[in-house]
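I opened my notebook to look through this structure one topic at a time. Come along and follow the entries with the model in view.

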Amino acid sequence: RDHEAHPAVSGEGIGARVRRKEDARHLMGRGRFAGDIRMPGMSDVAFLRSPVAHARILAVTKPQGHEGEVFTSADCADVADIITRSTIPGYKLSAHPPLARDKVRFVGDIVAMAYAPTRAEAEDLCEATLFDYEELPAIVDCDSGRAPGAALLHEAWGDNLFLETSFDSGGIEEVARTAAVKVEKRFRTGRQCMHPMEGKGLVAWWDFQNDTLVVNTSTQVPHMIRAGLAETLGLPEAQIRIAPPDVGGGFGYKCLLQPEEILVAWLAMTLKRPFRWIEDRREHLTAGANAREHEYVITAYADARGKLLALDAEVAVNVGAYSVWPFTACLEAAQAGGNLPGPYIWPHYRCKTYSVATNKPPFAPYRGVARPGVCFAMELTIDAVAAAVGREAVDVRAENLVPAAAMPYLNITKKFYDSGDYPASLATAREMIGFEAIRARQKMGEMDGRRIGVGFSTYTEQSAHGTKVFASWGTPLVPGYEQATIRLNPDGSADVKAGIHTIGQGLETTLAQVASEILTLPIAQIRVTLGDTATTPFSTGAYASRGMVMAGGAVSKAAQKLAEKVKALAAHLMQCTADQVRFEGGAIHGPTGSVTFAEIARAWYRTPEVLPDGVDTGGLEVTEGYKPDVDTGLFSYATHAALVAVDVKTGATEILDYVVVEDCGRMVNPMIVEGQAYGGVAQGVGTALFEESTYDSEGQPLASTLVDYLLPGPTELPKVRIAHTETLSPFSAHGIKGVGEGGAIAPAGAIVNAINDALKDLGATLCEIPATPERVLAALAEARRA
Ligand code: MCN
Ligand code: SMO
């Protein structure tokens, strides 16, 4: 790790490599997750799930003597279907009854719910509930979903497409006639589950004191979940409190309104007692929302040196049975179309996307959203263009990246790349991985007979999504703002409260660092409380790599307003003017002396009568909202480089070296940024080599345990060497950009390019992930046949 590159700045403000505040409780087992909550009289909830992928429900028989403890759709008629609207023209609405009504549309769709004193008893009640189904043909892949005469998931639609989009910059035909090089490729990415360390879970109960439904749910987006529950339960939003406990990872999975969440909350609202549901791994593997199943058909045109001229693409995404709330089923495909050109200059671009409804679980955002697939397809395309013109891919890549001199750059799909030096990041990665030495080593061959290869992958990561970005995506349920409150306490410490939540990504520390940057208080004296809708200002939530910029910006603005108030009081106490007051080392200095934050607080809270007229009577508490100076999001970027060894006898791949050169503007905490990059790479290695949620032709999930669904562990992960550059965004507070998803975007591109580099003498090329041993051997066999 590159610890020395950026020494901590003085103090604990922005840029300081301080230890995370939240880690003390987590490392000592003192965290409080949904599964840790105990309440008197609490019942456990279990769900009965459809065993078939597509069927009509004919009849239900509940176990005798337990009618009041088992619920089917008929018992919950007052629960509204999950219907997720969008303003995108042509988008088709799906209605997802939290308890299936007439039809089931995927294995795992909920058909009944039971509660009992223990989970085991609740599961027994589910098992004793019998359903008669009339099975219907299952749609499992995009081709059969789009085939004429296909069985329909949502009969009224007339086809199985949530949405089709097309983009055309014009000029493709002209280029196609004249371009020296034409490369045609098909790529496919496997379906994935998200596997946060803690699965989804919640406790819901009725608070008689405040006449309020309280939901302790493991979520990334508490304020949005409140709106979603209000909509589906028909309870006023003000009568719902979302008080999320600690969240053991979210990665996108926990930014949906889940049917289980609605149903458990409904039980608490209806029966006025506490209920709990904790997702188990099998539920997560077979019924929880999925991500990443993309198919690409790409034609790229270039000149004889590999200068990119035009890109013609089709993307189909297998998005499952229903639109999730609040993102719809179309986020993935629409993002894929918008992001495919990547960090490169493409003079012409045409793209059609299809969001295909299938009898699989719904699609949710997962770290990187569309971009891990997009980056994989684009980076393999670049290598294919380079192969076609007989040059090193790393050189072709460098010549086509948007150069620093062109920043800010509006790309072909109107993405506003605000700042950065993409070629420099590639050059650094090339140097760090030791590109020339690897080429020399390849000529010598490996002692153990394996083949080594090197691959690169460069991407942009849109971050800091605000109101206008979400509006342009057509998701009216997502407000896009962040706000924060800061208060100076009587003891001179500060409280920061924000509606965004902490999900493992470190905001408890980094938001304190932002406040410390302004006030110079040590972060131990800044308490950060997040997510509880009863005590925090309205928020959108922690996803889309927006937390640091948006909530950080709000904390910064609020702290600056608070600083003005403090300075006015300090000026009075020190008999000087406010502009003579400055903060340093947690104290307040004037021309002739200093006071402490505690003295200021005491003056306001305990002896307000001594304060002169004209002193602000608004108190020492400020709430502010924030948005960056551009409405288009801010773009971080990185280059990843991988060195792999492939065993052509077994097809196994080992990652020998891995380099990340990243730029997220000003790093608030470089240690956390490195953790983000490392964690993202771990998930990206899963995408590249291991993880796939496979289904048979009848829509039955085949990977229902962690023996079938392979997650990479420490032994599969490389030592990641990370280097940073800090190109400050000119458009955000402190020049900060987001970083939360980036690590997961690039690995598949870099690793599979490296595998293909290792196999290039044998004429084998992989175009599908995960690059399992079977797929490597199949590619080798195909090369031998050709
Ligand atoms: N940060 C920083 N300096 C910057 C940018 C970020 O120090 N210039 C730190 C901050 O602590 C910030 C974190 O890095 O919280 C991630 O930054 P940001 O990109 O703003 O992302 P969010 O805070 O909005 O977190 C969500 C993001 C997403 S979208 C996914 S998916 C993901 C990710 O964060 N899920 C995570 N990282 C995760 N990390 C953990 N441990 N658990 C998850 O569920
Ligand atoms: S997938 Mo991240 O929660 O946007």
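**Entry: a helix pair.** I began with helix α5 (residues 222-233) and helix α6 (residues 259-271), whose axes come within 10 Å and cross at roughly 65 degrees. Because of that angle, α5 is roughly perpendicular to α6. I also looked up the hand of this crossing, and α5 passes α6 in a right-handed way. A reminder to myself: this is a predicted model.

Next I wanted to know which residues make the contact between α5 and α6. On the α5 side I listed I225, L229, T232 and L233. On the α6 side I listed E261, I262, A265, W266 and M269. Sorted by class, the contact of α5 with α6 has seven nonpolar residues, one polar and one charged.

**Entry: another helix pair.** I then turned to α14 and α15, whose axes come within 9 Å and cross at roughly 35 degrees. I noted a right-handed crossing for α14 and α15. From α14, the contact takes L507, T510, L511, V514, A515, I518 and L519. From α15, the contact takes G547, M548, A551, G552, V555, S556, A559, Q560 and A563. How do the residues in the contact of α14 with α15 divide by class? I found eleven nonpolar and five polar residues, with no charged ones.

**Entry: the domains.** I looked up how the protein is divided, and found domain 1 (401-461 + 634-786) and domain 2 (482-626). Domain 1 is written as two stretches, 401-461 and 634-786. The centres of domain 1 and domain 2, taken over C-alpha atoms, are 41 Å apart. Even so, I could list contacts: 15 residues of domain 1 touch 14 residues of domain 2. The domain 1 side of that contact has six nonpolar, six polar and three charged residues.

**Entry: the ligand.** How many residues surround ligand 1? I have 37 in my notes, with G504, G547, M548, G738 and G740 the closest. Three elements give two or more residues to this shell: α14 (507-519), α15 (547-574) and α17 (670-690). Of the elements, α17 gives the most, with four residues. I sorted the shell around ligand 1 as well, and wrote down 16 nonpolar, 16 polar and five charged residues.

Why does ligand 1 lie between domain 1 and domain 2? Both domains give residues to the shell, so ligand 1 lies between them. I was pleased to meet G547 and M548 again here, among the residues closest to ligand 1, since I had already listed G547 and M548 in the contact of α15 with α14.

**Entry: backbone details.** Before closing, I went through some backbone angles. Most peptide bonds are trans, and most residues other than glycine have a negative phi. With that in mind, I marked the peptide bond from W325 to P326, which is cis with omega near 5 degrees. I found P326 in the loop between β16 (308-320) and α8 (331-339). I also marked the peptide bond from I769 to P770, which is cis with omega near 0 degrees. P770 sits in the loop between β31 (768-769) and α20 (773-785).

My last mark went to D211, which is not a glycine and yet has a positive phi of about 50 degrees. I located D211 in the loop between β11 (201-207) and β12 (212-217).

Technical notes
Residues are numbered from 1 along each chain as its sequence is written. Chains are lettered from A and ligands numbered from 1 in the order in which they are written. This is a predicted model: local features need pLDDT of at least 70, side-chain atom pairs count only at pLDDT 80 or more; totals for chains, interfaces and linings use all residues. Domain bounds come from an automatic or database domain assignment. Two residues are in contact if their C-beta atoms, placed from the backbone, lie within 7 Å. Ala, Val, Leu, Ile, Met, Phe, Trp, Tyr, Cys and Pro count as nonpolar, Asp, Glu, Lys and Arg as charged, and the others, Gly among them, as polar. A residue is near a molecule or strand if its C-beta atom, placed from the backbone, lies within 6 Å of it. Axes are lines fitted to C-alpha atoms, for helices over the stretch in contact, and angles run from 0 to 180 degrees between N-to-C directions. Angles under 35 degrees count as roughly parallel, over 145 as roughly antiparallel, 65 to 115 as roughly perpendicular and the rest as oblique. A crossing is left-handed if the near helix is turned anticlockwise from the far one by less than a right angle, and right-handed if clockwise.
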